[in-house]
Amino acid sequence: AGEFEVYLTVSNGNGSITSTDPLVISVMDNGMLPPMWQDGFEPGVGPWASDQWEFQTLSGQPWQIRETTGFSGSRSLYVRNRNNESGDITRTTTSTYDAEGVAAVLIGYKYAFSHRSTGETDDRLKLQVSRDCGQTWNTRQFHRGLIDLATAPNHGGNFYPSGPSEWAGHIEEVDNELYMVPNLRIRFEFESKGGNNVFLDDINVYGVDSLGNVLGLSPAVNRVGQTLTAYPNPSLGSVAV
């Protein structure tokens, strides 16, 4: 792991030539994210605050922080999709997550989206996972504007969720043993089809064993005034205490 200078060499039957200007690549370590983590994109808290997300915008508006809109806090991640053109794609990707030895990885998140007042569009939000540190990707959840992406009524201006009722949530279980690796990565890809703004918040990722027990939690301590812990939090309805 670390940052390294690399040079490109190309060859054919007549010889080879090497570039004179190096590129810098970053090699990530295994398991840079903890066994159980949550990101609400609040200041100084979570993987966002420690630069554990990276961004790739092929065209259009990038994923960025919305300072005054959130599901449970004051901030969220969003794409100013109202300024996009159809076909624009942007991605945000986590650092590595150590899933080796777990039976399944559960990924929960909240999302919000609205069509424009001109009518419905088929914008796409995808949750994807990679077992090889980001070289190849598998789509685990596909929200489409014409099916389940819209969470609020159509908006003529810029859409900003007005409260929890204009958000929806999803929990995805990844239980294929091919993805139980020490360098699992997770990303969200958004493709514009002419709709309104889209938001992400309260992302939860944790591993469970074969009995469904959450891994990576500190053992319970018996003491006066015991504390109860519920997980996942936020939840779509099924929680463990």
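Okay, let's start on the surface: Phe4, Ile25 and Val27 make a nonpolar patch of about 240 Å². A patch here takes residues with over 30% relative accessible area and no salt bridge, with nonpolar side chains joined within 5 Å. The areas come from the Shrake-Rupley method with a 1.4 Å probe, and a salt bridge would be a Lys or Arg side-chain nitrogen within 4 Å of an Asp or Glu carboxyl oxygen.

Before I go on, this is a predicted model, where local features need pLDDT of at least 70, side-chain atom pairs need 80 or more, and totals for chains, interfaces and linings use all residues. Numbering runs from 1 along each chain as its sequence is written, and side-chain values use heavy atoms, without hydrogens or water.

Back to isoleucine 25, which sits in strand β4, residues 23–27. Isoleucine 25 counts as partly exposed because its relative accessibility is 39%; buried is under 20%, exposed over 50%, and partly exposed in between.

Now the whole chain. There's one helix and 15 strands, as DSSP runs of at least four residues (H or I) and at least two (E). Of its 241 residues, 41% are buried.

Next, the second largest pocket, with about 190 Å³ of space. A pocket is an open set of points on a 1 Å grid where a 1.4 Å probe fits, with protein on both sides within 12 Å along at least five of seven lines; lining residues have an atom within 4 Å of a point. Of the 15 lining residues, Leu106, Tyr206, Tyr231, Pro232 and Ser238 are closest to the centre. Strands β13 (168–174) and β15 (198–208) each supply at least two residues of that lining.

Note on methods: Grid points are joined across faces, edges and corners, and a volume is the space filled by probe spheres set on the points. Patches are made of residues with over 30% relative accessible area and no salt bridge: like charges are joined within 9 Å, nonpolar side chains (Val, Leu, Ile, Met, Phe, Trp, Tyr) within 5 Å. Buried means under 20% relative accessible area, exposed over 50%, partly exposed in between (1.4 Å probe, protein chains only).
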